[in-house]
Amino acid sequence: MAGHDHPVQPLLRCENVRVTFGGIVALDAVSFAVPAGQIVGIIGPNGAGKTTLFNCISRLYEVGAGDIAFRGRSLLNTPRHQIAGLGIARTFQNVALFESLSVKQNVLVGTHPKQRGGFLSDALRFTARAEIQQRERDADELIEVLELSSDAQRLVCDLPFGTRKRVELARALASRPALLMLDEPAGGLSHSDVDLLRELIDSLRHRLSLTVLLVEHHMHFVMKLCDKVIALDFGRHIAEGTPAEIQQHPEVIRAYLGGAA
């Protein structure tokens, strides 16, 4: 008896997403899918709508039309404070950490979305000691994986930029997300640090069973790391494919070079 093939549901799907700010169209009917286990890059010139799209997925911005679904469930009615609990974590273009806390304290903050009791039960001392100890072990493991052990007790305000980037990555991973969203992860890093970051993200993808969606201007980084690349220009989806296909796509070449392909 012949079997029936059912298409595999993507982890994340954007369908005809439209966002406007006043009279400006920031995203214009953008659609794409992110399969589980892949690293997908979003590229485009400045003003293409990349960070706007990220902010819609993480519910910082409202979507005017269309839908964004995670594991088949629309995110549009999900409050932003519940996004991490669904299995989505992100970093920011401008590193957002608690400057007066240590590296380990910052990473521990990231463990709270997966905690059963939440902050209220902590206050009422209902959270089991074993769960607190497990969060400590999880934080220590991530600190070691991201080679932050020697800085674990240092205040974030005393750390160089490249190290802060790794602390933010560790904090995002502390919630054990299914989808990790990285906004300009290679921004401000040296060439050698960019190569190390690319190797780290690829290894984390396999080690932690991650799906990664990233926005990045560093083309060499994107093309060597990503399984699939989505190109935006003026808020429109203009191309999608493998890194090799995207590098040869006439619309992408036109968007970046500003002339006929």
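Thr78 is buried, with a relative accessible area of 3%; buried here means under 20% relative accessible area, exposed over 50% and partly exposed in between (1.4 Å probe, protein chains only). The structure is a predicted model, in which local features need pLDDT of at least 70 and side-chain atom pairs count only at pLDDT 80 or more, while totals for chains, interfaces and linings use all residues. Residues are numbered from 1 along each chain as its sequence is written, and side-chain values use heavy atoms, with hydrogens and water left out.

Thr78 belongs to the loop between strand 5 (73–74) and helix 2 (83–86). Helices (H or I, at least four residues) and strands (E, at least two) are DSSP runs numbered from the N terminus. Neighbours within four places in sequence aside, Thr78 is in contact (heavy atoms within 4.5 Å) with Arg59, Arg73, Ile83 and Leu86.

The chain as a whole contains 10 helices and 10 strands. Of its 261 residues, 48% are buried. Contacts between residues at least 6 apart in sequence join residues at least 24 apart in 65% of cases. The accessible surface of the chain is about 13300 Å², and carbon and sulfur atoms account for 52% of this surface. Accessible areas come from the Shrake-Rupley method with a 1.4 Å probe; for residues, only the protein chains shown count as cover.

Strand 5 is also part of an open sheet of four strands, in the order 2-1-4-5, with antiparallel pairing. Two strands are taken to pair if DSSP finds at least two bridges between them. Strand 2 (24–34) and strand 5 are the edge strands, each pairing on one side only. Strand 4 (residues 65–70) and strand 5 run antiparallel and are joined by two bridges. Ala69 is placed opposite Ser74 of strand 5.

The largest nonpolar core has 46 residues, and Leu169 and Leu214 touch the most other members. A nonpolar core is a set of buried Ala, Val, Leu, Ile, Met, Phe, Trp, Tyr and Cys residues joined through side-chain atoms within 4.5 Å. Apart from the largest core lies another, of 30 residues, including Leu12, Ala26, Met181 and Leu232. With residues up to four places away in sequence not counted, Leu169 touches Thr91, Leu146, Leu180, Leu182, Leu197, Leu200 and Leu204.

Leu197, Leu200 and Leu204 are among the buried residues of helix 7, together with Val194, Arg198, Ile201 and Arg205. These residues cover an arc of only 170 degrees around the axis, which puts them on the same side of helix 7; the arc is that of the directions from the helix axis to the C-beta atoms. An α-helix has 3.6 residues a turn, so residues three or four places apart point the same way. The face turned away from the buried side of helix 7 carries the exposed residues Leu196, His206 and Arg207. Helix 7 (residues 191–207) has 17 residues and reaches 24 Å from its first C-alpha to its last, close to the 24 Å expected at 1.5 Å a residue. The expected span is 1.5 Å times one less than the number of residues in the helix. Cover for the buried residues of helix 7 includes strand 3 (39–43), helix 5 (129–145), helix 6 (161–173), strand 7 (179–183), strand 8 (211–215) and helix 8 (219–225). Just after helix 7, Ser209 has a positive phi of about 55 degrees.

Helix 5 also has 17 residues, which should span 24 Å at 1.5 Å a residue, in agreement with the 24 Å between its end C-alpha atoms. Glu131, Arg135, Asp138, Ala139, Leu142, Ile143 and Val145 are the buried residues of helix 5. Seen down the axis, they fall within an arc of 165 degrees and so line one face of helix 5. Arg129 and Glu144 are exposed on the other side of helix 5. A positive phi of about 55 degrees is found at Glu147, just after helix 5.

The loop between helix 5 and helix 6 contains Arg154, which is partly exposed at 36% relative accessibility. Neighbours within four places in sequence aside, Arg154 is in contact with Leu101, Ser102, Val103 and Leu159. The C-alpha atoms of Arg154 and Lys104 are 8.4 Å apart, with their positions 50 residues apart along the chain. Val103, in helix 3 (residues 103–109), is buried at 0% relative accessibility. Its contacts beyond four places in sequence are Leu148, Asp151, Ala152, Arg154, Val156, Leu159 and Val167.
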